[in-house]
Amino acid sequence: AGTCYQQAKQMLHVAIPEQLHAREREIGIIQKFLRDHVCQRQPGSLYISGPPGTGKTACLSRVLRDCEDELAGSKTILLNCMSLRSPQRVFPALAQQLGLPEATGREDVRRLEKQLTAKGPMVLLVLDELDQLESKGQDVLYTLFEWPRLPGSRLVLVGLANALDLTDRSLPRLSARPDSRPHLLHFAPYTRDQLSIILRERLGQVAGDPVLDAAALQFCARKVSAVSGDARKALDICRRAVEVVELEVRSQTLLKPLPSGES
């Protein structure tokens, strides 16, 4: 019995599943964007927004994995902006990934611009937690989103963050020039039905009787969709529920049956 609980807990971990339910449209849009821009050597930018746990990073990782062969001729750089000590640190981090010697301040930016407009393979730069780069005057975000527009640029930029209005709020100067506006893709919170399908799919892979019953999964999906629509939350709650069930089963097997006649 121990193994079915272990298996259930494993299935409820937030790894990228084979099937990303209810995100087929978003996956298609990301795929098309990468094919139109990276594969066709057309610089451009895409901004992916949506609350936590709505599948932004999972979908992008999935597309990068599925399109690995098509993107083989370009250089892909993945940076999580949470790991940077300040917004300005994105430039030395990028320089390092491109094999450039470290420079400071404006020099760094100039050198990167020169590199990204020189001949060479396309560079796909993925910046997760992009809102960490918001700074006074927004110069860091502006610089990054302007790069795909430079003559001869070979940069394709994909930024991910929670806020729907990050580009409108932080980069109004970009909206003034339609050609430099990033493409926008928004991930809506999961609905109750979508969450219960995700939970059923995950737990359906565990052999034997269901570890958590359907009503419990429905209840969890209803509660989470009412608050946040965050699939990671729903998976977490179910994992804790499995742990509770597991402990109960364990303690029951440890209790000796009472002598007959007593209940």
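Which helices each supply at least two residues of the lining of the second largest pocket? In this predicted model, the helices that do so are helix 4 (90-97), helix 5 (105-117) and helix 6 (139-146).

## The second largest pocket

The second largest pocket holds about 180 Å³ of space. Its lining is made up of 14 residues, and those closest to the centre of the pocket are Gln88, Phe91, Gly105, Arg106 and Val109. Helix 5 gives the largest share of this lining, with four residues.

In chemical character the lining is mixed, since five of its residues are nonpolar, four are polar and five are charged. As general background, empty space is revealed by rolling a probe the size of a water molecule over the atoms.

## Helix 4

Helix 4, one of the helices that contribute to that lining, is largely enclosed by the rest of the structure, because six of its eight residues are buried. The buried residues are Val90, Phe91, Pro92, Ala93, Leu94 and Ala95, and Phe91 is also among the residues closest to the centre of the second largest pocket.

The buried residues of helix 4 pack against strand 2 (75-80), strand 3 (123-128), helix 5 and helix 6. After helix 4 comes glycine 99, which has a positive phi, near 75°.

## Helix 10

Helix 10 covers residues 214-227, and its 14 residues should span 20 Å at 1.5 Å a residue, which agrees with the 20 Å that separates its end C-alpha atoms. Within helix 10, the residues Leu217, Cys220, Ala221 and Val224 are buried. These four lie on the same side of helix 10, because the arc they cover around the axis is only 100°. A general feature of helices fits this spacing: an α-helix has 3.6 residues a turn, so residues three or four places apart point the same way.

The covering of the buried residues of helix 10 includes helix 9 (192-203) and helix 11 (231-254). On the face of helix 10 that is turned away from the buried side, by contrast, sit the exposed residues Ala215 and Ala226.

## Arginine 222

Arginine 222 is also part of helix 10. Is arginine 222 buried, partly exposed or exposed? Its relative accessibility is 43%, and because the partly exposed class lies between under 20% for buried and over 50% for exposed, arginine 222 counts as partly exposed.

Arginine 222 can also be placed relative to arginine 181: the two are 41 residues apart in sequence, and from C-alpha to C-alpha they are 37 Å apart in space.

Technical notes: Residues are numbered from 1 along each chain as its sequence is written. This is a predicted model: local features need pLDDT of at least 70, side-chain atom pairs count only at pLDDT 80 or more; totals for chains, interfaces and linings use all residues. Side-chain values use heavy atoms; hydrogens and water are left out. On a 1 Å grid over the protein atoms alone, a cavity is a set of points where a 1.4 Å probe fits but cannot get out, and a pocket is an open set with protein on both sides within 12 Å along at least five of seven lines; lining residues have an atom within 4 Å of a point. Grid points are joined across faces, edges and corners, and a volume is the space filled by probe spheres set on the points. Ala, Val, Leu, Ile, Met, Phe, Trp, Tyr, Cys and Pro count as nonpolar, Asp, Glu, Lys and Arg as charged, and the others, Gly among them, as polar. The expected span of a helix is 1.5 Å times one less than its number of residues. Buried means under 20% relative accessible area, exposed over 50%, partly exposed in between (1.4 Å probe, protein chains only). The arc is that of the directions from the helix axis to the C-beta atoms. Contact means heavy atoms within 4.5 Å.
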